[in-house]
Amino acid sequence: MVEFTLDGQAVSAPEGELLVHALARHGTFVPTLCHDAKLDPYGGCRVCVVELEGAPRPVPACATRVTAGMSISTNGRAGELRRTLTEMLLVEHLNANPGGRPNELVSLAQELGAEAPFVLPDAKREPYDDRNKLMGYDPDACILCARCVRYTQEVMMCSALSLEGRGAEGAEARIVPTWDRSWLDTECELCGGCLSVCPTGAIYEKFLEGAPAGQEQGLEKVKSTCTFCGVGCQIDLNVEPETKRIAKVTSDPSYVSNEGDLCVKGRFAFNFVHHPDRLTEPLVRGEDGELHPTDWDTALRLAAEGLRRVMHEHGTQSVGVLSSARLTNEENFLIQKLARTALRTNSVHSCEAT
Ligand code: SF4
Ligand code: SF4
Ligand code: SF4
Ligand code: FES
């Protein structure tokens, strides 16, 4: 740990910790847009600037590390600069809401009382249409912070997205799937990670295009476990309060098993939950050979009677239990417990292991 000064107070932090994190632990929250704790320091948008005594100009808190004896000021000139930078970003931010996702730039502008002083006449960018059905990108909402590009490079370890045209004369800076192809023709696995880290909602769920601003904030988050494989990623089902239907799936970086990352199934394949063909009540086959709805007590009693009869007539090893990695580890543990102790069979297996 080293000591440094924060707005006139002596504080301490591990040497080398990013300032933005050290400051937050001391209750001083510096706004960020391009920063993501999961990604390498970038320092692109500059809205996190703070003053560092002795430095010729303000420094980005997300890309500056704690050193012993440094003196940091987060108010005064840095605050003014932050407001001006926010206004500059707003000048080219022509669509604040492509698909109902949270917009950190708009929230920051409201917090700082910043408004676009004018709109650049040539700010409108050429729309981007991609033939994938899950993710859309609106260049008019993009602030070119490169969080999406860095996520796909640093977390997904692929080069599906590029930031192109920056600084090139006559070119329009924008995010594009690499080589100007569709997302579907790159290494992209449609995991939606780039969408989840985008601070302005410029990358959004296509099926929510046109959703009202702030739609995501109005959804009820129900924490759950993805049932598609044994990794057991933690997810939030975002449920519409009135219809009780799932509008989207998100995940939080604080979730231990997956740190907010998901694959295409966990993030986008949730429509089965409301599919009309889905079984919603137990069915028991009657004398007529057809399946008939019944209540859980009856179904469980009949299943237990059937198992008991087979075990009695043919021995316990005549019964086997097939489980699934789509269940949680805890549920699989209970199933093998049921097999070995209640049914007294060691024939227990998972369908995913074969
Ligand atoms: S969806 Fe996933 S793999 Fe595809 S570009 Fe985004 S982060 Fe990369
Ligand atoms: S799409 Fe989003 S994350 Fe990517 S550069 Fe634009 S604003 Fe940043
Ligand atoms: S999100 Fe993907 S990796 Fe995670 S549990 Fe679901 S299917 Fe498995
Ligand atoms: S958040 Fe620090 S420079 Fe963008």
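Okay, let's start at ligand 1: 13 residues surround it, and the closest are T152, A160, C188, C191 and C194. Keep in mind as we go that this is a predicted model. Two helices, α4 (147-154) and α5 (193-197), each give at least two residues to that shell. If you sort the shell around ligand 1 by class, you get nine nonpolar, three polar and one charged residues.

Now over to ligand 2. Its shell also has 13 residues, with C142, C145, R147, C148 and C198 the closest. The class split here is 11 nonpolar, one polar and one charged.

Next, the domains. The assignment for the protein chain gives domain 1 as 2-88, domain 2 as 91-104 + 113-274, and domain 3 as 315-354. Between domain 1 and domain 2, the C-alpha centres are 27 Å apart. As for how they meet, 14 residues of domain 1 are in contact with 18 residues of domain 2. On the domain 1 side of that contact, we have seven nonpolar, two polar and five charged residues.

On to helix α3, residues 104-112. Which residues of α3 are buried? They are L105, V106, L108 and A109. Looking down the axis of α3, those buried residues fall within an arc of 160°, so they line one face of the helix. The general background, for anyone who wants it: an α-helix has 3.6 residues a turn, so residues three or four places apart point the same way. And what do the buried residues of α3 pack against? That would be α2, residues 77-91. Flip to the face turned away from the buried side of α3, and you find Q110 and E111, both exposed. Right after α3 comes G113, and its phi is positive, near 70°.

Last stop, L120. You'll find L120 in the loop between α3 and β6 (135-137). So is L120 buried or exposed? L120 is exposed: there are 10 other C-beta atoms within 10 Å, and the cut-off for exposed is 12 or fewer. Leaving out residues up to four places away in sequence, L120 touches V91 and E92. For a sense of where that sits relative to Y204, L120 and Y204 are 84 residues apart in sequence, and C-alpha to C-alpha they are 24 Å apart in space.

That's my tour, so over to you for comments.

Terms used. Residues numbered from 1 in each chain as written. Chains lettered and ligands numbered in written order. Predicted model: local features only at pLDDT ≥ 70, side-chain atom pairs only at ≥ 80, totals over all residues. Near = placed C-beta within 6 Å. Nonpolar A, V, L, I, M, F, W, Y, C, P; charged D, E, K, R; others polar. Helix = DSSP H or I, 4+ residues; strand = E, 2+ residues; numbered from the N terminus. Buried ≥ 20, exposed ≤ 12 C-beta atoms within 10 Å, placed from the backbone. Arc of directions from axis to C-beta. Contact = placed C-beta atoms within 7 Å. Domains from an automatic or database assignment.
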